[in-house]
Amino acid sequence: MPPLTSVLLASVLKPLDDTRMFGKFGRTLASRPELTVHVAGRRAPRPDNAPANLHTHELLAGSRLSLGRLVAQWRYWRLLKTLKPRLVIVHAPELLPLTLLWRSLGPGRHFLYDVRENYALNILTQQVYPGWLRRTLAGLVRRIETTAARRAAQIILAERSYADELPFTTEEHTVILENKYQPQPGESVPTQARALPEPSEPLRLLYSGTISKLNGVFEAIGFTQKLREQWPAAHLTIIGFCQQPEVLAHLQAIVAADPGITLIGGAELVPHARIVAEIQRSHLGLLPYQRHPSSARCMPTKLFEYLANGLPILTPPAALWTEVVEAQQAGMIVRFRPPLENSNFVERLRARVFYPHGASKDALWTSEAPKLWHIVDSLV
């Protein structure tokens, strides 16, 4: 069998500089110069510091609801035929049918399926699609995933909980690679938490990542506005992409009327390096997620980013990640709805010592990269 020299990682909606597909999987594999790594996804600038053997290919330039998603299938098939990879890592279920066809047409072809969400559950519960369509779509996605799981060289799960939730996973055929933090080349990760400013000085709060009602963007706003009663110069930065036009319009109206809120991105994707820069200049990171079946058992990527950078975290009670935050003394438990019922919040906040043992090394991708290499090396 010829040596493994070419690997293709692909998604339709994830940007070309996606933190998991490009920043973690792509950079890890490209660390071996004998491998040529190709990343295919949604249009985004190629990171300036990308290694020479890590290439990008655009599958989608338009919105998620455009006809471009059909064109993306053709572009993906053309890449499979042109690049002739020995290994494909699929990061989106909509690319599984063509991947299965590609695998069946030649010997020595392998693919891994990286399960980043419980897609069927999301379709059923998040009310993105009309009610009459949800059950049909969810059933279709689950059937495709089940078929692909039987033929994949390995199933990769981004969340530990998926091992129990997804019926097509088996212990011997599944590996968990969590969304831990991968520093940029040359980036020095802080070893200690930054000190909070005086109450008379600006306090920088951060909401980063996907902007949505479900992820609590309006809870973050309400919390910040209430906090100003105790900390007048509290300022909220919201950075990320919002794919729901009605949510974005409402958010933009709020930001326009409140100079204490800054919106970065919103209508367009934000390079991850810009998000990291905001994490490193902020004082508090907010995790104001609403309780929902699709996220109740998931560990947000931003949690690992905040932990690795020593950013103190405010998280709601009874969340899965509360135990992690408390164990590392990385933050405080607060109620975002209704916000700040306690009048002594600032006093309690300033009395806490965050990250007494330094920023979390357990939140770094270095613990996950060897697992990826173990899978890849087993296919050579």
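**Close-up views of a predicted model**

**View 1. Gln329 and its backbone angle.** Gln329 is partly exposed, with a relative accessible area of 35%. The structure shown in this and the following views is a predicted model. Gln329 sits in the loop that runs between helix 11 and strand 13. Although Gln329 is not a glycine, its phi is positive, at about 50°.

**View 2. Tyr355, a residue with positive phi in the loop between helix 12 and helix 13.** Tyr355 is not a glycine, yet its phi is about 50°. The residue is buried, and its relative accessible area is 1%. With buried meaning under 20% relative accessible area, Tyr355 at 1% therefore falls in the buried class.

**View 3. The cis peptide bond at Pro338.** The bond leading from Arg337 to Pro338 is cis, and its omega is near -10°. Pro338 belongs to the loop between strand 13 (331-333) and helix 12 (345-351).

**View 4. The open sheet of 7 strands.** The strands follow the order 3-2-1-4-5-6-7, and their pairing is parallel. Strand 3 (54-60) and strand 7 (174-176) are the edge strands, each pairing on one side only. On average, neighbouring strands of this sheet are turned by 20° against each other, direction ignored. Helix 2 (residues 68-83) packs on the sheet and touches strand 1 (6-15), strand 2 (36-42), strand 3 and strand 4. The direction of helix 2 makes about 145° with that of strand 3. Helix 13 also packs on the sheet, where it touches strand 4, strand 5, strand 6 and strand 7. The direction of helix 13 makes about 155° with that of strand 7.

**View 5. Strand 5 and the strands that pair with it.** Strand 5 (residues 110-115) is mostly covered, as 5 of its 6 residues are buried. It runs parallel to strand 4 (residues 87-90), and 4 bridges join the two. Within this pairing, Leu112 of strand 5 is the bridge partner of Ile89. From strand 4 the chain passes through helix 3 (residues 96-104) and on to strand 5, a β-α-β crossover that is right-handed. Strand 5 is also joined by 4 bridges to strand 6 (residues 154-157), again in parallel. Here Gln154 of strand 6 is the bridge partner of Leu112, and Val115 stands opposite Leu157 in strand 6.

**View 6. The surroundings of Asp114 in strand 5.** Asp114 is buried, with a relative accessible area of 0%. Leaving aside residues up to four places away in sequence, Asp114 touches Arg20, Phe25, Ile89, Val90, His91 and Ile156. One of these, Phe25, lies in helix 1 and also takes part in the contact of that helix with helix 13.

**View 7. The packing of helix 1 against helix 13.** The axes of helix 1 (residues 19-30) and helix 13 (residues 369-378) are 10 Å apart and meet at an angle of about 60°. The crossing of the two helices is right-handed. Helix 1 contributes Phe25, Thr28 and Leu29 to the contact, and helix 13 contributes Ala369, Leu372, Trp373 and Val376. By class, the residues of this contact are 6 nonpolar, 1 polar and no charged.

**View 8. Helix 10 and what encloses it.** Because 7 of its 8 residues are buried, helix 10 is largely enclosed by the rest of the structure. The buried residues are Lys302, Leu303, Phe304, Glu305, Tyr306, Leu307 and Ala308. They pack against strand 8 (203-208), helix 9 (272-281), strand 11, strand 12 (313-315) and helix 11 (322-327). Just after the helix, Gly310 has a positive phi of about 65°.

**View 9. Ala296, in the loop ahead of helix 10.** This loop runs between strand 11 (284-286) and helix 10 (301-308). Ala296 is partly exposed, with a relative accessible area of 44%. Its C-alpha atom is separated by 9.5 Å from that of Ala318, a residue 22 places away along the chain.

Definitions and conventions. Residues numbered from 1 in each chain as written. Predicted model: local features only at pLDDT ≥ 70, side-chain atom pairs only at ≥ 80, totals over all residues. Heavy atoms only, no water. Axes fitted to C-alpha atoms, helices over the stretch in contact; angles between N-to-C directions. Left-handed = near helix turned anticlockwise from the far one by under 90°. Contact = heavy atoms within 4.5 Å. Nonpolar A, V, L, I, M, F, W, Y, C, P; charged D, E, K, R; others polar. Buried < 20%, exposed > 50% of the residue type's maximum accessible area, 1.4 Å probe, protein only. Pairing = 2+ DSSP bridges. Right-handed = clockwise from strand over helix to strand, strands pointing away.
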